[in-house]
Amino acid sequence: MATQDNSSPTDPESINATVDAVLDVVARAAPDIRRGLPGRRVAIEGENPSGESQKAADVYADELLCERIGSLSNVGVYASEEREAGVDVGSGLSVCVDPLDGSSNLEPNAAMGTIVAIYDDDLPASGRDIVAAAYVLYGATTTMAVARSDKATVTEYVIHEDGSYQVVNGELTLPDDPSVYGFGGRVPHWVDEFASFAEAVESDPSMKLRYGGAMIGDVNQVLTYGGIFAYPTLQNAPEGKLRVQFEGYPVGYIVEKAGGASSDGGQSLLDVEKDDLHARTPVYVGNEDLIDDLESSLADRE
Ligand code: F6P
């Protein structure tokens, strides 16, 4: 299903070295991206390939990451939510980036993120070809969560102003007792089966609503407190809103490595197969029991 061929022979050692280099670039770029936000809150003319309006900050973060990731050896393609096609930057791994996830939160000064997925295949890749995924969260502090194929657990770092970073949690794991949920999409557009599931979650006295409008902020709440995040299938958008290569695979990979589960409604997000770089998928991630209940509810549709 691959359409862009930039492959090179990749042994585990060189894959790990390239993953290290990409993650280092992303962590060191985070303070620069953050510093660049105040003057770039305005929308610019034009849309990204998914038809969403772009902010100057989206373009700034994309160009900065393209230049820095693209100059690394053993990276073959840089692809971004902000660009129609991947950029051929050499030979090696494929790197997919959502440079500024949730950039509509820029004006109200709420959380945003940067998401990175690294694939050992040409694009569009399959979820099972992911070798590392990470997100930076620009919240009250700047943190980065990393899942990679050579480690069994998710590592959380805090990133300092000068771009240095240190581990704050070597084993970020979903707590067993979930307490938060966040569901996107307009409620009148939810399908009946998802609405029933949401009603059951809402009526559980141990659960409370946390929805901030940037997936990374919302997913990080779920990873911290346990619970479920969904951007579901909608009556007017069966594939939901989020993009497979840039959001679905990396977030599914991170949550699964943190001991949780991911789903498109019927299978792990990592098993979703789409042949378009900007294809979308419904996204459900969180504690395994909640994802099981969700899948059972949606199965009633068939
Ligand atoms: O990438 C799209 C995004 O900004 C996600 O970060 C977020 O979960 C979602 O859109 C929010 O969408 P809505 O504005 O429909 O709640």
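This is a working chat about the sheets, salt bridges and ligand surroundings of a predicted model.

Q: Before we start, what kind of model is this, and which pLDDT cut-offs apply?
A: The model is predicted, with local features needing pLDDT of at least 70 and side-chain atom pairs counting only at pLDDT 80 or more, while totals for chains, interfaces and linings use all residues. Residues are numbered from 1 along each chain as its sequence is written, and side-chain values use heavy atoms, with hydrogens and water left out.

Q: OK, sheets: what is the strand order in the open sheet of eight strands?
A: The order is β4-β3-β5-β6-β7-β8-β9-β10, with mixed pairing, where two strands pair if DSSP finds at least two bridges between them. Strands here are DSSP runs of E with at least two residues, helices are runs of H or I with at least four, and both are numbered from the N terminus.

Q: And which are the edge strands?
A: They are β4 (87-88) and β10 (165-172), each of which pairs on one side only.

Q: How many bridges join β6 to β7?
A: Eight bridges join β6 (residues 112-119) to β7 (residues 130-138), and the two strands run antiparallel; within this pairing, glycine 113 stands opposite leucine 137 in β7.

Q: Which strands does helix α4 lie across?
A: Helix α4 (residues 215-225) lies across β5 (93-101), β6, β7 and β10, and runs at about 100° to β7. Such angles run from 0 to 180 degrees between N-to-C directions, using axes that are lines fitted to C-alpha atoms, for helices over the stretch in contact, and contact means heavy atoms within 4.5 Å.

Q: What about the open sheet of five strands, what order does it have?
A: Its order is β12-β11-β13-β15-β14, again with mixed pairing, and the edge strands are β12 (208-209) and β14, each pairing on one side only.

Q: In what sense do β14 and β15 pair, parallel or antiparallel?
A: They pair in the antiparallel sense over three bridges, and the partner of serine 263 in β15 is tyrosine 284. Helix α5 packs on this sheet, touching β14 and β15, with its direction making about 20° with that of β15. Helix α6 (residues 288-299) lies across β13, β14 and β15, and runs at about 150° to β15.

Q: Which residues of β11 are buried on its two faces?
A: Val180 and Gly182 are buried on one side of β11 (residues 180-183), and Tyr181 and Phe183 are buried on the other. Here buried means under 20% relative accessible area, exposed means over 50%, and partly exposed lies in between (1.4 Å probe, protein chains only). In a regular strand the side chains alternate between the two faces of the sheet.

Q: Switching to charges, how many salt bridges are there?
A: The structure holds 12 salt bridges, each being a side-chain nitrogen of Lys or Arg within 4 Å of a carboxyl oxygen of Asp or Glu. One of them joins aspartate 20 and arginine 148 at 2.7 Å, N to O, and this pair links distant parts of the chain, with aspartate 20 in helix α1 (residues 12-35) and arginine 148 in strand β8 (residues 142-148), 128 residues apart.

Q: Is arginine 148 buried or exposed?
A: Arginine 148 is buried, with a relative accessible area of 9%, whereas aspartate 20 counts as partly exposed at 41%. Arginine 148 also meets aspartate 150 in a salt bridge of 2.7 Å, N to O.

Q: Which residues are linked in a network of salt bridges?
A: The network links Asp32, Arg35, Arg68 and Glu161.

Q: Now the ligand: which residues are around it?
A: Among them are Asp101, Tyr211, Phe229, Tyr231, Lys241, Arg243 and Glu247, where a residue is near a molecule if one of its heavy atoms lies within 4 Å of it. A polar side-chain atom of tyrosine 211 lies 2.6 Å from an oxygen atom of the ligand, and a polar side-chain atom of glutamate 247 also lies 2.6 Å from a ligand oxygen atom. For tyrosine 231, an N or O atom in the side chain is 2.7 Å from an oxygen atom of the ligand.

Q: And where is arginine 243 placed?
A: Arginine 243 is in the loop between β13 and α5, and it counts as buried at 2% relative accessibility. Not counting residues up to four places away in sequence, arginine 243 touches Asn48, Ser50, Glu52, Glu81, Gly248, His278, Ala279 and Arg280.

Methods
A polar contact is a pair of N or O atoms within 3.5 Å; within protein, one must be able to donate a hydrogen and the other to accept it, and residues adjacent in sequence count only if both atoms are side-chain atoms.
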